[in-house]
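Here are some short exercises to work through with the model open beside you. Try each task before you read its solution.

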Amino acid sequence: MAVAVAVRPAHLAAAGHVADEAVSAYIDGALPADEALAVAEHLRGCVPCAAVVQAHRRVGVQVRSLAVQPVPPAVLQAARRLPWQ
Ligand SMILES: [Zn+2]
């Protein structure tokens, strides 16, 4: 007797929503075209997933806006004295 097994698309989590890893990859443009299209289609009809994507994008904008601070020379000197092996 054959048993039908539903195959879940790679971009979907078990709950049927976009998986966290797929959200990041989608935002980064790192998904294969067919998966990106499927995620975009899911986002058009799923308010919770669209909100997650929007939140990830907002965090990304905030992180990129943070100023990079130089490492103080004393910290660099101390780091060079640490045994790395
Ligand atoms: Zn969803």
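A nonpolar core is a set of buried Ala, Val, Leu, Ile, Met, Phe, Trp, Tyr and Cys residues joined through C-beta atoms within 7 Å. Please keep in mind that this is a predicted model.

**Exercise 1. Overall form**

Task: Describe the secondary structure of the protein chain, then compare its radius of gyration with that of a compact globule of 85 residues.

Solution:
- Step 1. Count the elements: the chain has 4 helices and 0 strands. Read along the sequence, that gives the pattern α-α-α-α.
- Step 2. Turn to the radius of gyration. A compact globule of 85 residues would come out near 12 Å, while this chain has 21 Å.
- Step 3. Look at the box around the C-alpha atoms, which is roughly 70 × 35 × 20 Å along the principal axes.
- Step 4. Check burial and contacts. Of the 85 residues, 12% count as buried. Among contacts with a separation of 6 or more, 51% join residues 24 or more positions apart.

**Exercise 2. The core**

Task: Find the residues of the largest nonpolar core and say which helix gives the most to this core.

Solution:
- Step 1. List the members. There are 8 residues: Val18, Ala22, Val23, Tyr26, Leu31, Val39, Cys49 and Val53.
- Step 2. Assign them to helices. Helix H1 (20-28) and helix H3 (47-65) each supply at least two residues of this core.
- Step 3. Pick the main contributor: H1 gives the most, with 3 residues.
- Step 4. Follow one member outward. Beyond its neighbours within four places in sequence, valine 23 is in contact with Val18, Val52, Val53 and His56.

**Exercise 3. The two sides of H1**

Task: Work out which residues of H1 are buried and why they line one face of the helix.

Solution:
- Step 1. Note the buried residues of H1: Ala22, Val23 and Tyr26.
- Step 2. Look down the axis of H1. These buried residues fall within an arc of 105 degrees, so they line one face of the helix.
- Step 3. Recall the general rule: an α-helix has 3.6 residues a turn, so residues three or four places apart point the same way.
- Step 4. Go to the other side of H1, where Asp20 and Asp28 are exposed.
- Step 5. Ask what the buried residues of H1 meet: they pack against helix H2 (33-45) and H3.
- Step 6. Finish just past the helix. H1 is followed by glycine 29, whose phi is positive, near 70 degrees.

**Exercise 4. Buried, partly exposed or exposed?**

Task: Classify valine 18, serine 24, alanine 38 and leucine 76 by their C-beta neighbours, and place each along the chain.

Solution:
- Step 1. Set the cut-offs. A residue is buried with 20 or more other C-beta atoms within 10 Å, exposed with 12 or fewer, and partly exposed in between.
- Step 2. Valine 18 lies in the segment before H1. It has 25 C-beta neighbours inside 10 Å, so valine 18 is buried.
- Step 3. Serine 24 belongs to helix H1. With 14 other C-beta atoms within 10 Å, serine 24 is partly exposed.
- Step 4. Alanine 38 sits in helix H2. Its 19 C-beta neighbours inside 10 Å make alanine 38 partly exposed.
- Step 5. Leucine 76 is part of helix H4 (residues 73-81). Having 10 C-beta neighbours inside 10 Å, leucine 76 counts as exposed.

**Exercise 5. Sequence and space**

Task: Find how far apart in space, C-alpha to C-alpha, alanine 38 and histidine 11 are, then do the same for leucine 76 and glycine 45.

Solution:
- Step 1. Alanine 38 and histidine 11 are 27 residues apart in sequence and 8.1 Å apart in space. Not counting residues up to four places away in sequence, alanine 38 touches Pro9 and His11.
- Step 2. Leucine 76 and glycine 45 are 31 residues apart in sequence and 50 Å apart in space.
- Step 3. For practice, try another pair: serine 24 and arginine 57 are 33 residues apart in sequence and 9.1 Å apart, C-alpha to C-alpha.

Key: Residues numbered from 1 in each chain as written. Predicted model: local features only at pLDDT ≥ 70, side-chain atom pairs only at ≥ 80, totals over all residues. Rg over C-alpha atoms; globule rule 2.2 N^0.38 Å. Contact = placed C-beta atoms within 7 Å. Arc of directions from axis to C-beta.
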